[in-house]
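Biologist: I should like to learn how the features of a protein model are read. Could we go through one together?

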Amino acid sequence: MKRIALEEHFLAPEFEQYWLKTVEDVDPALYGQVLARLNDFGEQRLAAMDTSGIGIAVLSLAGPGVQIERDTATATRMARKANDFLATQMQKSPARYRGFAHLAVQDAKAAADELERCVRDLTFSGAMINGHTNGQYLDHPDTYPLWERAEALGVPLYLHPADPVTPAPALDGHRGLKRATWEWTMETGTHALRIVFSGLFDRFPRAKLALGHLGETLPYQLWRFDSRAKLYGVKLKKRPSDYIRENIVVTTSGMFSFEPIDCALKALGRENVMYSADYPFENPVEAGAFMDELPLDPHVLADISYNNAARLLRIGEPS
Ligand code: ZN
C-alpha cells in the first residue's frame, strides 16, 4: 500500500537565509546535498518517495522560515510567497503532492486568512508552524484567531521543532545534546504541553495539533501529566491525557524504532499515529524499511500508513 507522509520538506527561494541558521554546525558538504534535495520537486524527490513507499507527500517549508522574521509585514509577505511557490510546484505532480501552509503567526488574523486562502484556493491540507514565533508560543491568546480558523476549516496545525528562545543551561557544554538529539524534543514537547495545559482545547475542542517524532515523548508521560496536574491544581475540563488523545496526532518523522511507536499506539490509539519520513533529513531507505518490517497487525499498519492521514487531511474526498 502506498503511504501518505506528513512531514516532508522543501525550501522556497529566499528562504535559505532562515534555514541556514539551523545547519550552521553541520558539515557544508552535507548541507549542500540536503539543500539540493530540498529544492527539488522532480525525479529525485519522487524516487525517494517511491523508495520509502510514499504515494502522497504533504510538503512543508523547512524551518524556521518566517517564525524568526522580526518584521511582521515581511513575515506575512514572505509566507504568502512560499505558499504560492509550493502551490506551483505541487502542480508538477498533483497526484503525489499536497501542502502545509507556511504562516506568519506574528499577525495571527492575517495568518488565519492566509491559511484559509491556502486551504480553499491552493488545496492545502493545513499548516506547519516551526515552533515559537519570536518567543511567542501557540498557547498565547494572540494566536486564537489562527486556532479558530484552523478549527473552522477542519485542518491540523503541525508543530515542527525549532531552536528555543534561550538555550537551556542544562545543555551547556554538551553540543551533542543540542537540536535534534534532545534540545528540540524538550522545546517542542514543552510547547505542545503549554497548549494542552493552557486550556486551549477547551476553547477549541475540535482543533487538531500534529507532532512529529512520535509525539515528542508525550505518549510516554500521560499518567504523570494527569497525576501532577491534579496535585498542582491545574484547572481544565478534562485530564491532560484526554486532550493529548483527542486533539493531538503524532507521526513517525525521524523515529524509526519499534518501542516508541508501540507506546504511541497504546497510549494514543491506533487512529492517532501516522507515517512521515522527514525527507530529506532522514534516509528514505531507512524510513521505508522501518514501515515494511513493523511487526504490527496489517489493519493497524494500514491505518498508520494511509487511513488516518487520509481522514485527517480529507484526501480522497472530492474538494
Ligand atoms: Zn522535519
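Modeller: We shall discuss the metal site, the sheet and the nonpolar cores of this predicted model.

Biologist: Which residues are the protein donors of the zinc ion?

Modeller: The protein donors are Glu7 through OE, His9 through NE2, His160 through NE2 and Asp278 through OD, and they lie 2.0 to 2.4 Å from the zinc ion. Along the sequence, the spacing of these donor residues reads E-x1-H-x150-H-x117-D. Glu7 and His9 are both buried.

Biologist: How is the geometry of such a site judged?

Modeller: Ideal angles at a metal are 109.5 degrees for four tetrahedral donors. Here the angles among the four donor atoms of the zinc ion run from 82 to 177 degrees, and the site is irregular. A tetrahedral label would require all angles to lie between 85 and 135 degrees, so the range of 82 to 177 degrees does not qualify.

Biologist: Let us turn to the sheet. In what order do the three strands stand, and is the pairing parallel or antiparallel?

Modeller: Strands of a sheet pair through backbone hydrogen bonds, in either a parallel or an antiparallel manner. In this model three strands form an open sheet in the order E1-E2-E3, with parallel pairing. Strand E1 (3-10) and strand E3 (97-99) are at the edges with a single partner strand each, so one side of each has no neighbour in the sheet. From one strand to the next, the twist averages 30 degrees.

Biologist: How many bridges join E1 to strand E2?

Modeller: Six bridges join E1 to strand E2, residues 54-61. Ile4 has Ile56 in E2 as its bridge partner, and Phe10 stands opposite Leu61 in E2. Helix H14 (residues 298-313) packs on the sheet and touches E1 and E2, its direction making about 70 degrees with that of E1. Helix H4 (residues 72-90) lies across E1, E2 and E3, at about 165 degrees to E3. E1 is mostly covered, with eight of its eight residues buried.

Biologist: What should one look for in the interior?

Modeller: In soluble globular proteins, nonpolar side chains tend to be buried together. The largest nonpolar core here has 86 residues, and those with the most contacts inside it include Phe15, Leu146 and Trp147. H4 supplies the largest share of this core, seven residues. A second, separate core of 15 residues includes Ile4, Leu6, Val249 and Ala309.

Biologist: Which residues does Leu146 contact, leaving aside its neighbours within four places in sequence?

Modeller: Leu146 is then in contact with Leu103, Val105, Ala108, Ala111, Ala112, Leu115, Ile129 and Leu157.

Technical notes:
Residues are numbered from 1 along each chain as its sequence is written. This is a predicted model: local features need pLDDT of at least 70, side-chain atom pairs count only at pLDDT 80 or more; totals for chains, interfaces and linings use all residues. Side-chain values use heavy atoms; hydrogens and water are left out. Donors are N, O and S atoms within 2.8 Å of the metal (3.2 Å for Na, K and Ca); water is not among the atoms, so sites may look incomplete. Four donors count as tetrahedral if all angles lie between 85 and 135 degrees; four count as square planar and six as octahedral if opposite donors are over 155 degrees apart and all others between 65 and 115; anything else is irregular. Buried means under 20% relative accessible area, exposed over 50%, partly exposed in between (1.4 Å probe, protein chains only). Two strands pair if DSSP finds at least two bridges between them. Helices (H or I, at least four residues) and strands (E, at least two) are DSSP runs, numbered from the N terminus. Axes are lines fitted to C-alpha atoms, for helices over the stretch in contact, and angles run from 0 to 180 degrees between N-to-C directions. Contact means heavy atoms within 4.5 Å. A nonpolar core is a set of buried Ala, Val, Leu, Ile, Met, Phe, Trp, Tyr and Cys residues joined through side-chain atoms within 4.5 Å.
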